[in-house]
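Reader: Hey, could you take me through one part of this structure up close? I'd like to see how one piece sits against the rest.

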Amino acid sequence: MTSGIRVGERDPKRRVILAAARTALARNGFRRCSMEMIARQAGMSRPALYLHFANREAILRALGLEQTERAEQALRAALQGKGRVEDRLAAAFAALRDASAEPGWALPQEADLPDRHGVPPDVAQEGQARLCAVLADWLRTEAVAGRLRLALPPDHAAEVMLAALRGIATLPPPEVNRALRSLAQMLGRGLTPLDPGALTP
């Protein structure tokens, strides 16, 4: 299910509201953050805020979809860059790390939130599906061009990569960057076709 809302199509007032909501939610947490707090942070009245969003849950959904859009754009740009397969994968993984760690987005862990970022499950699933599609399309294109080889269908390979990234995200922060670089190197070298000359004794 998609919202039909794209980052570039959002009106300026919605942009102000979402920026204010990120700040208010990060400061107060979801349970303690009221529509009044968000309205005040956005510099508007609560009735004016309700003209744009029905409740906090609607705002949270919009934030999650906006986050997905930014992550998708960052992933596409990184994969379309220059360099070896492992270099582009490293850039892609770093882009996804940066998108998920955007200042003001990560919310305090609270029992009433579906996950540690507060993204509703269906929005999170849509985001994963969209990122998986971008990665699978790139793998398919590169394989057809002969720049990499795939032992798995592109969709399955993309799912495995994203699952590995989710696992790495659970590591202590100092270890994440090293693990991402190692994963990109391992996958990149495994996907890159061998030079026929390298097989000659």
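Author: Let's begin with a word we'll need: two residues are in contact when heavy atoms of theirs lie within 4.5 Å. Keep in mind, too, that this is a predicted model.

Our part is helix 1, which covers residues 12-28. Is its length what you'd expect? Its 17 residues, at 1.5 Å a residue, should span 24 Å, and the end C-alpha atoms are indeed 24 Å apart, so the two values agree.

Now look at which side chains are tucked away. The buried residues of helix 1 are R14, I17, L18, A20, A21, R22, A24, L25 and N28. And what do they pack against? Their partners are helix 2 (35-42), helix 3 (46-50) and helix 4 (56-79). Just after helix 1 comes G29, with a positive phi near 80°. A little further along the chain is C33, which counts as buried because its relative accessibility is 1%, and the cut-off is under 20%.

For a second view, try helix 6 (residues 121-144), where the 24 residues should span 34 Å and the end C-alpha atoms are 34 Å apart, so that agrees as well. Its buried residues include V123, L131, W138 and L139. Among the elements covering the buried residues of helix 6 are helix 4, helix 5 (85-100), helix 7 (154-168) and helix 8 (173-191). Helix 6 is followed by G146, whose phi is positive, near 80°.

One of the buried residues in helix 6 is C132, with a relative accessible area of 12%. As for disulfides, the count is zero.

How values were computed
Residues are numbered from 1 along each chain as its sequence is written. This is a predicted model: local features need pLDDT of at least 70, side-chain atom pairs count only at pLDDT 80 or more; totals for chains, interfaces and linings use all residues. Side-chain values use heavy atoms; hydrogens and water are left out. A disulfide is a pair of cysteine sulfur atoms within 2.5 Å. Buried means under 20% relative accessible area, exposed over 50%, partly exposed in between (1.4 Å probe, protein chains only). Helices (H or I, at least four residues) and strands (E, at least two) are DSSP runs, numbered from the N terminus. The expected span of a helix is 1.5 Å times one less than its number of residues.
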